[in-house]
Amino acid sequence: MGGFQRDFERLFNPRSIAVVGASNLPGKWGFNMPMNIIGGGYRGKLFMVNPHEKRVLGFPAYPSLLDIEEEVDLVVVAIPARKVADVISQAAEKGVRNAVVVSSNFSEVGEEGARLERHLAEVANRAGITIVGPNTMGIYSKTSSLCCLGAPVFPLKGGVGFVSQSGNLGVQLMTWGYRKGVGFSRFIGSGNAANTDISDWLEFLGEDPETETIILYIEGVKDGRKFLEVARRITPRKPVIALKAGKGRQGQRAVLSHSGSLAGPYELFRGAMEQAGIIEAETTEELVDLAAAFSSLPVPRGPRTAVMTLGGGWGVAAADYFDREGLEMAVLPDRVIEELDRYLPAFWSRRNPVDIVGNVQRSNHFRVIDALARCPEVDMVISMGTLMGRDFWLENMFKTAVRPFLNILLRRTRLLPFFQLSVWKGFRDSLRKRGGRSREGSGGIDPSEALQWTDLAVVRRIKRLMQEEGKPIIAVAVNEGERSASFRMRDSGVFTASTPERAVRVAGKLAGYARFLGERGEG
């Protein structure tokens, strides 16, 4: 492990980058890395090193790193493993402090590779060079628009710092994050971590002003004590979310062959993470969910949660998970029940979960969310059925209007004029009775509320409430998993879940973090 002072500023904000092994051949790492650096919008100087080419990707090619006369802040190495240490020696001679070593065939392939890796680390440590990798997918930095990655992934810019011991999994999760609206500040594919440990990256992100939330994909930790000490200093200030791989015997064997890491007993590691205040994700999908939630939602004051649902079954599905996630079903005071009585059908649930029994007046959806969010006895709100998505409305418009019209036209043609008159009469009656309420229901759809049925209207309402009340509001979308719905929510700044269970799971993690902060006197 390198015990020298690291220059992370030049790693994540390099003024110049040299790609050693740069290539014009599509598919090679020496082609992919500079192409993605260019594609990401990096504006610093870029030098290509290839002794067999005059130009690479249009840039002049240099025979070696030492032939570059200008200063180099970062070296990207994409050549065979046996030659990497020589390049690091040249980097030392030029005064370079950081290297991203894409090359593989090191400790992940056996003892000979491990020997090469130890030698590489020795050379780098003597020179004070921080190595990302070897066997890495690269790094990302929003402040320099640096997409030094082996895959064409261009993340949203935001406040999530991500360290992954699997580069491939890491860049894929950033793609998922893009669709969920998760913006990243930094990404480090740590690879085999020749002269760094995950603790080094965690410590950097903990002090990084660009990073507000930290997520980790961990296969193994070289120095567990240091890792937990660093985490304990950071978790009271920033949420740290981790997905631990290699939980079982077969998973541990897979970890060893993948990145050369040694994975210890999972239960021991899990207990240590909990004591350090690290929030655990159980799946890759949940890691992205939690990254999205913790980067967009306030931390609640406690576990008391209110649920609004368009139908009772969804409320039951959500409530089933409350005990498992350590949540409490908030008890609504009489004044809130009396308030909801004024505009909900007489047969609404009159308790939490608040079943509004398919009420189709959009203003009532908002009134319920407002009342729950402003209730002092409620710490969090889960709203199910308010977000619909464009596909949902297009499909339902076809089913409720276009399809019946076509069937009348094709099969009951003589009824067509009467059908049209009846629909028009109903529309006029809806306008005349808008805002009305009967004991049996809400009075039907109010056409004047059409603009309020957009997802944008819901997002604005939720964001304003969260700012005013300081409470997380989690929306469960009807079809959040659809591409259009996901992309519509991408820039909204509101976390959405695709199922009640995922919403409750996120709420439980938020409540757990609030409990941790409260125990430390940070809440």
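This passage describes the cores, sheets, surface and charged pairs of a predicted model.

The interior is considered first. The largest nonpolar core of the model comprises 79 residues, and those with the most contacts inside it are Leu340, Val354, Val368, Ile382 and Ile474. Helix H19, which spans residues 500–519, gives the most to this core, contributing nine residues. The surroundings of Ile474 illustrate the packing. When residues up to four places away in sequence are not counted, Ile474 touches Leu297, Val381, Ile382, Ser383, Phe495, Ala503, Val506, Ala507 and Leu510. Apart from this core lies another, of 45 residues, which includes Val19, Ile37, Val230 and Ala272.

Sheet architecture is considered next. Strands of a sheet pair through backbone hydrogen bonds, either parallel or antiparallel. In this model, seven strands form an open sheet with mixed pairing, in the order E3-E4-E2-E1-E5-E6-E7. Strand E3 (55–56) and strand E7 (130–132) stand at the edges; each has a single partner strand, so one side of each is left without a neighbour in the sheet. The partnership between strand E6 (residues 98–101) and E7 is parallel and involves three bridges. Within it, Ala99 stands opposite Ile131 of E7.

Strand E8, formed by residues 138–141, has side chains directed two ways: Gly138 and Tyr140 point one way, Ile139 and Ser141 point the other way, and all are buried. With strand E9 (residues 146–149), E8 pairs in the antiparallel sense over four bridges. In this pairing, Tyr140 has Cys147 of E9 as its bridge partner. The two strands form a hairpin with four residues between them, and Ser145 in the turn has a positive phi of about 50 degrees. E8 also runs antiparallel to strand E11 (residues 183–189), to which four bridges join it. Here the bridge partner of Ile139 is Ile188 in E11.

Helix H2 (residues 29–39) supplies a further set of buried residues, namely Gly30, Phe31, Met33, Pro34, Asn36 and Ile37. An α-helix has 3.6 residues a turn, so residues three or four places apart point the same way. The cover over the buried residues of H2 includes strand E1 (16–20), strand E2 (45–49) and strand E5 (74–77), together with E8 and E9. Ile37 of this helix is also among the residues of the 45-residue core. Just after H2, Gly41 adopts a positive phi of about 95 degrees.

Nonpolar residues also appear at the surface. Val402, Leu406, Leu409 and Leu410 make a nonpolar surface patch of about 340 Å². Leu409 is found in helix H15, which covers residues 390–411. With a relative accessible area of 35%, Leu409 is partly exposed, that is, between the limits of 20% for buried and 50% for exposed residues.

Charged pairs form the last topic. Side chains of opposite charge can pair when their charged atoms come close. The structure holds 30 salt bridges. In one of these, the side chains of Arg502 and Glu285 meet at 3.2 Å, N to O. Since Arg502 lies in helix H19 and Glu285 in helix H10 (residues 284–294), the pair ties together parts that are 217 residues apart in sequence. Glu285 is partly exposed, with a relative accessible area of 40%. A salt bridge of 2.3 Å, N to O, is formed by the side chains of Glu286 and Arg505. This pair likewise links distant parts of the chain, with Glu286 in helix H10 and Arg505 in helix H19, 219 residues apart. Both Glu286 and Arg505 are buried.

A salt bridge is also found between Glu469 and Arg374, whose closest N and O atoms are 3.8 Å apart. Glu469 belongs to helix H17 (residues 455–469), whereas Arg374 lies in the loop between helix H14 (362–373) and strand E18 (380–387), so the pair ties together parts that are 95 residues apart in sequence. Glu469 counts as partly exposed at 24% relative accessibility, and Arg374 counts as partly exposed at 39%. Finally, salt bridges that share partners join Arg270, Glu280, Glu282, Glu286, Arg324, Glu325 and Arg505 into one network.

Notes:
Residues are numbered from 1 along each chain as its sequence is written. This is a predicted model: local features need pLDDT of at least 70, side-chain atom pairs count only at pLDDT 80 or more; totals for chains, interfaces and linings use all residues. Side-chain values use heavy atoms; hydrogens and water are left out. A nonpolar core is a set of buried Ala, Val, Leu, Ile, Met, Phe, Trp, Tyr and Cys residues joined through side-chain atoms within 4.5 Å. Buried means under 20% relative accessible area, exposed over 50%, partly exposed in between (1.4 Å probe, protein chains only). Contact means heavy atoms within 4.5 Å. Two strands pair if DSSP finds at least two bridges between them. Patches are made of residues with over 30% relative accessible area and no salt bridge: like charges are joined within 9 Å, nonpolar side chains (Val, Leu, Ile, Met, Phe, Trp, Tyr) within 5 Å. Accessible areas come from the Shrake-Rupley method with a 1.4 Å probe; for residues, only the protein chains shown count as cover. A salt bridge is a side-chain nitrogen of Lys or Arg within 4 Å of a carboxyl oxygen of Asp or Glu.
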